[in-house]
Amino acid sequence: MRTGSGMVLRLYMGLFFAYMFLPLMIMVLAGFNAYSPPSVTVWRGFTLNWFVELWHDDRMWSGLRNSFVIAGAVIALALPMGLAGALLLGRLGNRAGGLMYAVMVSPLLTPGIILGISTVIFWRNFEVAGGLFTAILAQTTFIASYAMLMFMARLQRQDATLEEAALDLGATPLQAFRRITLPFLRPTILTAAVIAFLQSFENYNTTMFAIGGQHTLVTEIGSRMRFGLSPVVNAIGILFILATIAFAVAWGILKERERRGAQRTE
């Protein structure tokens, strides 16, 4: 029985990793294939020309720059808004809190197209054309809800008596929040920032309808899909894979150094 279950588990894991990584391997191989459109069945030889084309593709680089600008602004707006919403819901009663919770979570249930179009229509009344500004606001509407849910989950595990004791000892509410609640939320703040960045960077539907004449990396790739996929996109994917591996290795090295430092102090 154990042997049979072990074989099933190994088979499942093999299929799972093949499903996860086989498309990435195909994309990487196509990025070094001289044949266009991207293909691994038709091989024309090894080449780095697609990386050279990417280097001279100004629209791709400007889209990447816009993606980072939007993601940075979304983090700066979504995290404080999400934290404020979590603190508010934690202090409201069940009835009022339930209503406010439904309102604050509703952007997560709204299609991205609706968020993008409604943002552009609203700001057009103030003579603000679609661009990076409207894309930032449109993304913030639903990414702030993600951050709020993460902060709420963290705050539910906080010992409320710590803040009450600080207030009893003469601390102001701001001091109690800064010295007790904020350090307790630090891991969640970092996690929410990463999630917000990824949600913003890869977003297409909301951004496409809110950004007007501007573009991000994702919307530029999406617009080019209508005319056929270029291996330049594969080159971009390879660079992102390398960047992900580099960050993972750096994180692993830092965690190992922290572990060794903790063992030395013990």
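Modeller: A crossing is right-handed if the near helix is turned clockwise from the far one by less than a right angle. This is a predicted model.

Biologist: Which handedness does the crossing of α3 and α6 have?

Modeller: Helix α3 covers residues 58-91 and helix α6 covers residues 132-155. Their axes lie 6 Å apart. The crossing of the two is right-handed.

Biologist: Are α3 and α6 parallel or oblique to each other?

Modeller: They pack at an angle of about 40°. Angles under 35 degrees count as roughly parallel, and 65 to 115 as roughly perpendicular. The angle of α3 and α6 fits neither range, so the two helices are oblique.

Biologist: How many residues in the contact of α3 with α6 are nonpolar?

Modeller: No charged residues take part in this contact. Polar residues number 5. The nonpolar ones number 22.

Biologist: Which helix supplies the largest share of the largest nonpolar core?

Modeller: This core has 25 residues. Ile-70, Ile-143 and Phe-151 are among those that touch the most other members. Helices α3, α6 and α8 each supply at least two residues. The largest share, 10 residues, comes from α6.

Biologist: How is α3 placed against α10, parallel or oblique?

Modeller: Helix α10 spans residues 217-224, and its axis comes within 7 Å of that of α3. They cross at roughly 140°. Only angles over 145 count as roughly antiparallel, so α3 and α10 are oblique.

Biologist: How many charged residues are in the contact of α3 with α10?

Modeller: Arg-59 in α3 is one of the residues that meet α10, whose side includes Glu-220 and Arg-224. The contact has 4 nonpolar and 2 polar residues. Its charged residues number 3.

Notes. Residues are numbered from 1 along each chain as its sequence is written. This is a predicted model: local features need pLDDT of at least 70, side-chain atom pairs count only at pLDDT 80 or more; totals for chains, interfaces and linings use all residues. Side-chain values use heavy atoms; hydrogens and water are left out. Axes are lines fitted to C-alpha atoms, for helices over the stretch in contact, and angles run from 0 to 180 degrees between N-to-C directions. Helices (H or I, at least four residues) and strands (E, at least two) are DSSP runs, numbered from the N terminus. Ala, Val, Leu, Ile, Met, Phe, Trp, Tyr, Cys and Pro count as nonpolar, Asp, Glu, Lys and Arg as charged, and the others, Gly among them, as polar. A nonpolar core is a set of buried Ala, Val, Leu, Ile, Met, Phe, Trp, Tyr and Cys residues joined through side-chain atoms within 4.5 Å. Buried means under 20% relative accessible area, exposed over 50%, partly exposed in between (1.4 Å probe, protein chains only). Contact means heavy atoms within 4.5 Å.
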